[in-house]
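Biologist: Could you take one part of this model and walk me through it closely, strand by strand? I'd like some sense of the whole chain before we zoom in.

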Amino acid sequence: MNKLVLPLMTAALLASTGGAWAAGELTYVVNNESAQYDPGTTAETFAAPIIGNTFEGLVRLSAEGEVLPALADAWEISEDGLTYTFTLRDANWSDGEPVKASDFVYAWQRVLDPATGAMNSQMLYHIVGAEEAYGGADPEAIAISAPDDKTLTFTLKQRVPYMLQLLNYPAFYPVREDIVSADPDGWTRNPDTFIGTGPFRVTEFNQGESVVFEKNPNYYAADEVSLDKLTFRLIPDPATALAAMEAGDVDGIESVPAPEIPRLSVESDAFMIVPALGTTYAFFNPGQAPLDNLHVRKALSMAIDRSEIIEFVLQSADTPALGLVPPGMSLAGEDYTDGRPSFGLSETADVEGAQAELAEAGYPNGEGFPETLYVTYSSPPIEKLLEAIQQMWKENLNIDVAIQATEWQVFYPEVQKVEYQVAQMGWGADYPHPMTFLDNFVTGSANNLNNWSNDDYDAAIAAAKAATDEAESRDAMREAEEILMEDHVILPQYHRYNYMMMSPEVTGFWRSPLNVPYFRDAEINE
């Protein structure tokens, strides 16, 4: 499946949605609320809808994946592919202040300051002096400069074929020094100080309920923005969100309950299947018993039936995951995942193999297996998934694993402490390249949430980044992934699609494979 699916809509749903809006107003349901919306520091998927509609960087991407001018209206790349020079257009912040090249210099240096706590600092390590600055060297040595207010230039350590796409990631967005320095921890939670560069600006943060936006009158292309008001309404339960959609109370929902997918795919012209470059997996913590034993980790992964999970639990069109990187990214003329080994895993449960691994670990037939806790964030679909995995482990390995679910704002900080045994997570691509997944497991990465470290893995990733030949780089990344997967420090579950709804009266809306819903060009045709 590689396209949006928009089947027929029932007359009842058409009647319920027709005329539901005030002119230029749209309400979209999200299921989770992020802890913070700082584009320079966050790595949370749940923050993406807010950041993606209130900020833009040097470039933006079209629905077809084409790189388009944004705050920069022109750029040049040196013949050796190392030096980039961007010319900024006449653009303003949402409070009317002009955007300056120095705003980018400040923002990028801030991301590379360890004290900031940025989760994706490694994305900037391509720039000369960036990694050294993060390690304590002089930030002035970072090869970023603003010769004047309209010119930004930076130099890379080696050619990066996907650099323009990477610049669309929030870590590369500008932020205002006067705003951030005045309230480093709270500026993104106050509509008066949440100053951005995108097509919308926040007017209300209603914690636990909604985020309300208005059209940004200072956006450089404000005349191309149709919506006057946009509301992201928080409804954690997809079933409740679907009821609101079918009652005509909202115009779109970011996910639908799995049992409703077959019906909606036939009946609803609002139903959409959106490809997603994402993998859902759990972290095994190799620093916590009994997960410090490779045979235990492998047994737990071999014992689950991924096909059964997708067909009967998720009831989705997702695909079983036997590795970290999802399909859908082409390198050197072929999909990165073509010919990838299975790392001893299978789409169905290998019960005998899993039992043998557990016995090798010293727990034959599950005897003596210690108390183990599987932690997750509160989400009805995810909790249902974990309950199915829990049952498979009981039936196939004769072990009991407890499940604990907490709200994301509590769960995620605890996972960052790496004090769990098993933690449900996953990753959605930040840019359309395998490195967005693989870079997370480099030693010291802020997103390496089980503190796994392997020198050979680090060396393979470094080789992939240094290679000038795309096939050579791809092969080094495949080598790195094999090292990671053979150590079984993650429990891969499935590669994702997004199942959502948007009224057919709304045109111009699109949701990227990177899981950002874009409303810049959305229009309501009543």
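**From the whole chain to one set of strands**

Modeller: Sure, let's begin on the outside: the protein chain has an accessible surface of about 20400 Å², and 47% of that belongs to carbon and sulfur atoms. Keep in mind that this is a predicted model. The chain has 526 residues, and its radius of gyration of 23 Å agrees with the value near 24 Å that a compact globule of that length would have. If you lay the C-alpha trace along its principal axes, it spans about 70 × 60 × 45 Å. Buried residues account for 56% of the chain. Looking at contacts between residues at least 6 apart in sequence, you'll find that 70% join residues at least 24 apart. As for charge, there are 28 positive and 81 negative ones, yet their mean positions lie 3 Å apart.

Now for the close look. The chain holds 16 helices and 23 strands, and the part I'd pick is the run of paired strands that includes E1. Let's come at it from E8, which covers residues 200-206 and runs antiparallel to E9, residues 210-215, with six bridges joining the two. To find your place on screen, look for Arg201, whose bridge partner in E9 is Glu214. E8 and E9 form a hairpin with three residues between the strands, and there Gly208 takes a positive phi near 80°.

Step across from E9 and you get to E10, residues 229-234; these two strands also run antiparallel, joined by five bridges. A handy marker for this pairing is Val212, with Thr231 as its bridge partner in E10.

From E10 you can carry on to E1, but here the sense is parallel, over six bridges. Val29 marks the spot, standing opposite Arg233 in E10. E1 has another parallel partner too: it pairs with E11, residues 252-253, over two bridges. In that pairing, Tyr28 has Gly252 of E11 as its bridge partner. Here's the bit I like about E1: five of its six residues are buried, so the strand is largely enclosed by the rest of the structure. While you're tracing strands, a general point may help: in a regular strand the side chains alternate between the two faces of the sheet.

Next, follow the chain on from E1. In the loop between E1 (25-30) and helix H2 (48-54) sits Ala43. Is this loop residue buried or exposed? Ala43 has a relative accessible area of 12%, so it counts as buried, the cut-off being under 20%. Neighbours within four places in sequence aside, Ala43 is in contact with Met119, Asn120, Tyr169, Trp427 and Asn447. For a sense of distance, try Ala43 against Arg263: they are 220 residues apart in sequence, and their C-alpha atoms are 34 Å apart in space.

One more loop is worth a look, the one between helix H5 (163-166) and helix H6 (177-182), where you'll find Asn168. With a relative accessible area of 11%, Asn168 is buried as well. Leaving out residues up to four places away in sequence, Asn168 touches Val59, Arg60, Leu61, Tyr173 and Tyr518.

So if you want a route to click through, go from E8 to E9, across to E10, on to E1 and then to E11.

Notes:
Residues numbered from 1 in each chain as written. Heavy atoms only, no water. Helix = DSSP H or I, 4+ residues; strand = E, 2+ residues; numbered from the N terminus. Rg over C-alpha atoms; globule rule 2.2 N^0.38 Å. Buried < 20%, exposed > 50% of the residue type's maximum accessible area, 1.4 Å probe, protein only. Contact = heavy atoms within 4.5 Å. Areas by Shrake-Rupley, 256 points an atom, 1.4 Å probe, with all protein chains shown as cover. Lys, Arg positive; Asp, Glu negative; His and termini not counted. Charge placed at Lys NZ, Arg CZ, Asp CG, Glu CD. Pairing = 2+ DSSP bridges.
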